[in-house]
Amino acid sequence: MSSANPIHIARQLAADLTWLEQYAGERAELHGAIVPLRLSAALLRNQVAPYLEKRPTQPLYVAVVGGAGTGKSTVVNFLIGRSAAETNPQAGFTRHPVAFVAVGSPYVDQLSDGILGPLKSIPGPCPSDRDEDVFQIRQVALVSEADTEPLRQAVIWDCPDMTTWKANHYQTRLVETIGLADIILYVASDERYNDAWPTQYLQYILQAGKPVVACLTKMQPSQVEPMLKHFRESVIARIPECAAVSATVALPALTAAEQADPAGVGAPLRKSLIEPVNWWLKQPQKTRHDSVLRAARFLEQFQQTLLAPARHDLAAVAMWESWVHTGRHTFVHRYQNEYLTGESFPHFNAAMLRLMELLELPGVGQYVSKAMHLLRSPYRWVKSWFKKPNSKDMPETQVLQAGFQGWLDHLRQQVLQQDDQHPVWKALRSAFHEQRDRQLHEQFQTRIAEFMQQQALSTETTARAIYQELEKNPTALNTLRGIKFSIEAASLTGVVITAGTHLFLDALLIPLVASLTQGLTEAMGKTYVDTQREKARTSQLKLFEQKLAMPLSHELNQWPGSLIPNLPKLRDIVDRLPKDLAALKSAVESTAREGT
Amino acid sequence: MSQAPFDAVAQHLRELESQLRPWSLRPHRWPIRPEQLEQFTKHADDLLRQAKELTAQRPALVVILMGGTGVGKSSLLNALAQGTIAEAAFTRPTTREPIVYLHEAFEVQRLDPALQQCRLIRHRQPGLEYKILVDTPDLDSNETIHRDRLEAVLPTADIVLYVGSQEKYHDQAGWELFLKHKERRAFAFVLNKWDRCQAAHATGVRPDEDLLRDLKAEGFTDPLLFRTCAHAWIHRDPAAMAQLPEGEQFPALESWLHQGLTKREIEAIRTKGIGQLLHQLHTLLQTVQPPDVQAAAKKTEAVWKITVQNEINTQIDTLLASVAPHQKTLQRRFANNLTHPFRGLMGWYARILDFGRHGWLSSKLPQLKTTTPVETDPQPSDLKGFARSCTHEAYQRRLAARTESLVDRLVANADDAGLPTYRLSEDIQAQLKSITEATYVDALSRALTHAEQSLAGPTSWRQRYARLWVTLGYIIPYGVLLIVFIWQLYAKIAGSMSVAITDLLILPPLAALLAMTLLYVLYRTTVPVTWGKLAPICRQQLATELHTRFQTALQALPQQQATLLADERRIVTQLLDRTAECSLWIQQHEELSQVAILYAR
């Protein structure tokens, strides 16, 4: 379990999902995600968070939900036992949730602002077609019988519809109420029971783990049984989570008398309606626990669906990042090819000279050394004769500039090939067009300067280390000097002995042998320096990746985020949501265990 | 209206279609979204359909009933058919396939293909001879295929009869479809189950008033709305008829269909329908018309020129840098080329030296690592091979990557200049494919040959100068050999020096060797074909050559892009003109007075 406060997590998640919902609302192609997002936010805000706060007493909420004109208000009237909700032939008359609570119920005070998210409570009855983000509370005298007692402890919500086109801007109020509800009474008429959008709602409700009592209305009495059967088999059975539909009941076409007096003339119908609702109301603790637990599970299970709108834009960013990644490889590759492999590091040549100087004899020996130097003249002539001239290579900064420019150009070319209607590509396109990539170039310049400084330092250090080791170690140095001198002396003596006093041969052979020994020593020294040089090349490549390639690709990855303000938040939500939901689920589970 | 003008406009519509369809199917130079292309295809279908109907002897009118499940579309059709159609069950949704209700005298062939495949029910009602009523599946049930079937026949409608009930008259599912089609087709409205719409003590707006209010907001100034109780009219049962609520208008609907829609009105509706179609097409065409980019193309050309010039300069630097380490080889080659090789002793000496250096040098030349087959090893005498091995390194290390990223640079340039880059990078890539390693090899070897010709060609002063050296090289070694030998011999005979017999044999050749070495060194250092002189000539030659290559590859592209877009623009303009022409004709012949109420403004 996370150390953070689970109530805080729930509220934060609700805020995140609401933000995501608004984000999806601004984009036509994401409109399908609005209802699930709102429902999830409402579950967190209206049910899970209050549950975790362990409020001492809470009523159970029954929400009456259905398409326009299906008779939701009639169903409410039957639950109450008298005509309390306006029934109206105008489709979509009810525009905000209406709470019906028994007169004298201890819960009236709890029906205040905050229980339905952003919806404000309005005091006293008002017409239910008031089209604002509000809810109203009506205290009604419940027509009471022995079996309506549990209903007295509950709050009944009459909800707006979801089918009319005007519902687009008020169905969030319906969803808030669904999030709050512990039991859903799903109302469908003979005309509507197989409609796609209400069925979709039923599925959302069932997925969210709400117990559902379904009520079909308006059919002829003779059609009741076949219609219920058809509804169960062809509508409910198609929803994978249909097990939570605890009952399907019918409220057939009503006579005027039944309509006017539900508790009297309509009593048998009323009884069949109340019974399945009561089954849940009679065990309030368990109903609540189970409902919240299922809600937490639903949220965890459906997180991918909830995150889908966030991923929609992030997918484009991921594509951008993959181009940045390949671009980085090309950048490194080009640097390596165009600069590093050809670079001989002047420091190392200097180090080589210094190393050779060190091996010469010091003190009095320097006269010997000078003599040797003279003798080796032919060697130097030959060497300079064969020496390859250094070609003037492209300077490092130029290679780097070209590489970076190529990287950006490639990204830009990729962006230009994408759909120009997509907001991410649109933003990047215009950013390039308005030359807002200049800031990237500026950052690049500072990075280059830093990198050059660092690498100059590091190659110099490596190069200097070649002879500094020897300088610090006089024993080794003197040994090497001794060996070198002995070889030279020995070979020269050998020559003199072999050639005897022959002037010509001596004059010819002595410089030759002196040159040979020097060549040998230099070759050995060169091998050593070259291995060091290779090492320096590798370490410079590493430095290049660390100081230049990686930070630059990081900056390029961040760039879309700096152009499109929503991206960082989207990414944050995608990262955080799964962890938070898992933490929340375990918090709810442990609270439920404590409760039972 | 006489028949002739109809034939003329039908011809116009066909021509428009024959131009629109092939254009919409071909690849485009301007991004057109798939859904827009689909729209074009649909419009083309509609144009053909309308043209066909216009040329028919007597115009027929297709009235399609549209609405949610259970609102009573089938009942309505059945009531209009006076109960002759078998009634469906009460479970939802009932109607699965469109049902076409048409007069027995009406030839099936005249029906639109989409309707021919539907279930046909024949009747003998005289008032409906040229009116085809179509019942459709619902648009809002869980059977989503029903909606597809409805949308398949909906384009054939001249009038859509939008049927709603008390529950569904306001539903989003139907309303969306209505909004989508209201610009295109005539609409009349039925509020069925009228009996359910009048509840006592109702506080809200009565459904018919509610609906009328919304229709007015959607641009119908005086929408045609029939309030009906269709089920009561199926069997025309007197008992049920007696209970009909006040304001029931089924008879009005029936008489409108039978008598109201006269031939003239049908023609007017049809004409108006075509007008709406043309208007939509016009709007759609305007959204896909590419802008005029001639100026941007000019600008791009100029910018590209600079980019390419800079790129070529850098590439030449790279190429020359890859040759520079081998400059001595080149210099020697040019020195050798100045004349015939040395003769006599000097000839042998030079050959041995050359052999040594050549062997050493070949190992130092850049090795060919790729699989590209190379016919000959890089010989200093083989300029092309030499150019190949130098270029290979430069190409692998730099030029390949640079040319590749040049594509992106050019695209970026074009974008900066305002030239649409749609599919431009493919073109650039295709063009630059012709510039390969071989291009650089050729360019470099030609540049080297050129430099050679101008510096050390047969007519150059160096040739004459070199000939002198060769003559000297022939004489001097023998001379030195002879002189030293004679001197030694003289010394031995005269006894002025103690000369061993070995000295007599070794010293003269040694002296000759020394002389030859001296000669050789002097020759090499004084024949003045230096890299410093060679490089600028090479550079200039390379610049000319590469510039030509790149310019030929790229020069035409901006203009080509502009031309292709202009072409696209021209076709769209033509289509727009044609559409406008047809619209104008339609407007002149429209007789709207009777049918305006069926349309949104």
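The following questions and answers concern the fold and aromatic pairs of chain A in a predicted model. Local features need pLDDT of at least 70 and side-chain atom pairs count only at pLDDT 80 or more, while totals for chains, interfaces and linings use all residues. Residues are numbered from 1 along each chain as its sequence is written, chains are lettered from A in the order in which they are written, and side-chain values use heavy atoms, without hydrogens and water.

Me: What is the radius of gyration of chain A, and why does chain A count as more spread out than a compact globule?
Reply: The globule rule (2.2 Å times the number of residues to the power 0.38, with the radius taken over C-alpha atoms) gives 25 Å for 596 residues. The value for chain A is well over this, so the chain is more spread out than a compact globule; its radius of gyration is 42 Å.

Me: Which geometry does the aromatic pair of Trp320(A) and Trp559(A) have?
Reply: Rings of Phe, Tyr and Trp (its six-membered ring) pair if their centres lie within 6.5 Å; planes under 30 degrees apart count as stacked, over 60 as edge-to-face and the rest as tilted. Here the centres are 6.2 Å apart with 35° between the planes, and the pair is tilted.

Me: How many residues apart in sequence are the parts that this pair ties together?
Reply: Trp320(A) is buried (under 20% relative accessible area, with a 1.4 Å probe and protein chains only) at 0%, and Trp559(A) is buried at 2%. Trp320(A) lies in helix 11 and Trp559(A) in helix 19, so the parts tied together are separated in sequence by 239 residues.

Notes
Helices (H or I, at least four residues) and strands (E, at least two) are DSSP runs, numbered from the N terminus. Buried means under 20% relative accessible area, exposed over 50%, partly exposed in between (1.4 Å probe, protein chains only).
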